[in-house]
Amino acid sequence: MTLDDLRVFVAVCRAGSLSGVARELGCTQSAVSQHVKRLERETGVGLLERRPRGVVPTPAGRVLHEAAAEGIGALDRALRRIGEMAEGEGGSVRVGTGGATVRHFMAEAIAAFRRRHARVSLEFRTETSSRRCFDALLAGTLDLAWVTIGPPVPGIEQRPVVDLPWVLAVRAEHPLAARPAVGPADLTGLRLVRLPPNSLSGARLDAAFTELGVRVGSDTSVADWDTALLLAELGLGHTVVPAVPGLRAPADGPLRLVPVPALPPLPVGWAVRRWDALTPLARAFADTVAGSCAPSEPFGADRI
């Protein structure tokens with residue numbers, strides 16, 4: 001049993017595919033399979049169950065996957081710390097983000113962090129969901145991930161940074177555009193550009209609609225908030241999105257942003273494996289971003 005065997009096995013469990021890991025590592029599927037077979041010979045039990053669409057760990061495989069992922073993550077953190085010690089202030093911080101995260105939450109913080117830590121490498125990886133971010137954290141390929149805060153996840157610590165109120169984005173000529181705020185009754189019957197229901201933000205919004213008795217229609221869905229706003233601006237529907245820091249609707253523009261105070265704010269922030277195991281550089285970056293994320297201001301005429 002080698003460290004490479006364990007790394008490949010963790011990658012296979014995460015991807016659910018031997019061929020996918022082979023493409024990622026630039027090797028053959030047979031080579032990936034040999035790593036798994038070596039572990040199975042060493043442990044004396046089957047570790048993967050073949051399915052029509054890939055593989056899943058057996059009960060024994062899940063035990064090994066959990067231990068291996070934690071051990072490899074700890075080893076990687078130790079090696080990075082050693083490297084940072086050898087390089088002085090050098091090192092790297094690996095950050096998982098969503099499609100619009102850097103622009104709305106991190107732009108100022110990145111510039112401030114770079115001024116203080118000029119030799120540090122910042123590595124950003126765009127993930128399609130919070131679940132993918134959690135998987136990457138557990139696999140040790142990320143230090144930090146900016147996510148929508150959700151239910152507890154085994155092996156992950158979540159830390160809220162800011163609560164985002166929701167706004168309705170409508171064209172300037174719409175009757176609701178001149179309102180100071182809208183309520184659940186105003187939303188009912190609207191056709192919305194929707195966030196994907198498999199995202200935490202989309203699921204939270206759907207749950208809030210259900211609790212408030214709001215029924216809306218939709219024939220368009222998007223993967224990120226910026227795209228939803230763009231489609232609303234183009235007149236392809238209205239949308240309800242979080243009021244991210246810096247969100248503006250110019251007075252001479254086609255879009256208006258109307259608060260929806262009845263919807264519970266959306267908490268967003270950091271996810272990590274363990275806060276006490278973060279490198280000093282990763283902790284400094286997380287604190288810098290948190291310090292730059294002021295709560296969104298109410299939307300008034302001076303902001304439209």
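In the predicted model, the largest cavity is lined by 13 residues. Those nearest its centre are Arg77, Arg80, Leu142, Asp143 and Arg273. The volume of this largest cavity is about 90 Å³, and the structure holds 1 cavity of 30 Å³ or more. Rolling a probe the size of a water molecule over the atoms shows where such empty space is left.

The lining of the largest cavity comprises 6 charged residues, 4 nonpolar residues and 3 polar residues. Among the elements that contribute to this lining, helix α4, which spans residues 59-87, gives the most, with 3 residues.

At the start of the chain, the unreviewed UniProt entry places the feature "domain: HTH lysR-type" at residues 1-58. Over residues 1-58, helix accounts for 62% of the chain and strand for 14%. The C-alpha atoms at the two ends of this stretch are 18 Å apart.

The packing of two helices, α1 (residues 3-15) and α2 (residues 18-25), was also examined. Two packed helices are described by the angle between their axes and the distance between the axes. For α1 and α2, the angle is about 125° and the axes lie 8 Å apart. Angles of 65 to 115 degrees count as roughly perpendicular and those over 145 as roughly antiparallel; α1 and α2 are therefore oblique to each other. The crossing of α1 and α2 is right-handed.

Terms used
Residues numbered from 1 in each chain as written. Predicted model: local features only at pLDDT ≥ 70, side-chain atom pairs only at ≥ 80, totals over all residues. Heavy atoms only, no water. UniProt positions renumbered as here; feature names shortened; annotations may be inferred. Helix = DSSP H or I, 4+ residues; strand = E, 2+ residues; numbered from the N terminus. 1 Å grid on protein atoms, 1.4 Å probe; cavity = no way out; pocket = protein on both sides within 12 Å on 5 of 7 lines; lining within 4 Å. Points joined across faces, edges and corners; volume = space filled by probe spheres on them. Nonpolar A, V, L, I, M, F, W, Y, C, P; charged D, E, K, R; others polar. Axes fitted to C-alpha atoms, helices over the stretch in contact; angles between N-to-C directions. Parallel < 35°, antiparallel > 145°, perpendicular 65-115°, else oblique. Left-handed = near helix turned anticlockwise from the far one by under 90°.
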